[in-house]
Amino acid sequence: LDRHYFALPTNPGEQFFMFCTLAAWLITKAGHPFEQPQECDDPNAVISNVLSELRSFGRPVDFPPSKLKAGNGEQVCYVLDCLAEEALKYTGLSWKRPVYPAEDLEEEEITEDDAELTLNKVEEDVAEEESDNEENFIDLDVLKAQTYRPDMSETAKHEEILQSTTDAAEWNLEVERVLPQLKVTVRTDNKDWRVHVDQMHQHKDGIESSLKETRGYLDKLHNEISRTLEKINSREKYINNQLEHLVQEYRSAQALLSEAKGKYEEGSGGVTERIRALSEITELLERVKQETEEKGSSMTDGAPLVKIKQALTKLKQETTEMDIQIGVMEHTLLQSKLKEKSNMTRDMHATMIPEATIGSY
């Protein structure tokens, strides 16, 4: 597991299982036997058992158990931290004295500035200028050698000093030109405690001096604010006394307004109910009107009567045709009957036998 595994959300299911496993291992290390949870276990039961063990160690639990279901967050880190501390206490882990490594003091980089130069920088610049412009500068080494020569008398020295061959105007110009480069600033070490103490004393003196000046202004401001508050309180009391009857009228008007609002709400409720009933009645009336219009249009329409007349005419025609067919059929039937009767008569006459013939048999 990496350092921020339980701090950032990545995979809630995996993080929750790893949290339960690690919590069970730490509880066991702390001397309380705890069954190793499985993936199929109820998460609420596992969290309840872990929190009960945490409370048994005397650790406060001021958050709901549902915060641990995500497997990450502040509460999960708190539980693991407490269990790890209890496990370290139980195992009796002792820490050795720390060994501090020797720190190499970093050399402070000195920023070069035209107004702030070190001694080495000044010497290097002077040497470069002497090498470049030897005719414009005085050779200090030569003068020093001439000054300290053993064979030079004391009077000659004073005469050489008093009687200079250098022009004063040139000397002043040279001094003005080199003066900015001759300014040397020695920087103090900010890590020195003496510097810090001096700064603290300086700040303390500055604060005390500023406090003496500002305390008078603050006291004056406090007195002015107190007088102003007293005036405001007195004016407020005066205004309250003057406007008391108006306040009473306002309260009574407000009570009447609330009563009128109540009546208006009651009336608006009755109006709403009546509007709903009116809409139902209007809808019913529209339906009745529509039905009446449909019936009136059907009664004034002559199309059904024409259809009935056409049907009657057609029925009469069909009746006439049926009568003709019936007459034809009756005529045919009569002819067949007459023909059958004549045939029967003829057959009867043809088959008649004499009585004498009948007797011989």
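Biologist: Helices here are DSSP runs of H or I, at least four residues, numbered from the N terminus. So how many helices and strands does the protein chain have?

Modeller: This is a predicted model. The protein chain has 11 helices and 0 strands.

Biologist: What share of the residues is buried?

Modeller: Buried residues account for 12% of the 361 in the protein chain. The exposed area is about 31400 Å², with 57% supplied by carbon and sulfur atoms.

Biologist: And contacts between residues at least 6 apart in sequence: what percentage join residues at least 24 apart?

Modeller: 58% in the protein chain.

Biologist: Switching to charges. How many salt bridges?

Modeller: The structure holds 7. One of them pairs Arg 59 with Glu 86, at 3.3 Å from N to O. Arg 59 sits in the loop between helix H2 (43-56) and helix H3 (74-91), while Glu 86 is in helix H3, 27 residues apart.

Biologist: Is Arg 59 buried or exposed? What about Glu 86?

Modeller: Arg 59 counts as buried because its relative accessibility is 19%. Glu 86 is buried too, at 12%.

Biologist: Now helix H9. What separates Glu 283 and Arg 287 there?

Modeller: About one helical turn, because they are 4 residues apart in helix H9. They form a salt bridge, with the closest N and O atoms 3.9 Å apart. Arg 287 is partly exposed, at 42% relative accessibility.

Biologist: Which residues do shared salt-bridge partners join into one network?

Modeller: Arg 59, Glu 85 and Glu 86.

Biologist: Back to H9. How far apart are N and O in the Glu 280 and Arg 276 salt bridge?

Modeller: 2.9 Å. Glu 280 is partly exposed at 45% relative accessibility, and Arg 276 is partly exposed at 40%.

Technical notes:
Residues are numbered from 1 along each chain as its sequence is written. This is a predicted model: local features need pLDDT of at least 70, side-chain atom pairs count only at pLDDT 80 or more; totals for chains, interfaces and linings use all residues. Side-chain values use heavy atoms; hydrogens and water are left out. Helices (H or I, at least four residues) and strands (E, at least two) are DSSP runs, numbered from the N terminus. Buried means under 20% relative accessible area, exposed over 50%, partly exposed in between (1.4 Å probe, protein chains only). Contact means heavy atoms within 4.5 Å. Accessible areas come from the Shrake-Rupley method with a 1.4 Å probe; for residues, only the protein chains shown count as cover. A salt bridge is a side-chain nitrogen of Lys or Arg within 4 Å of a carboxyl oxygen of Asp or Glu.
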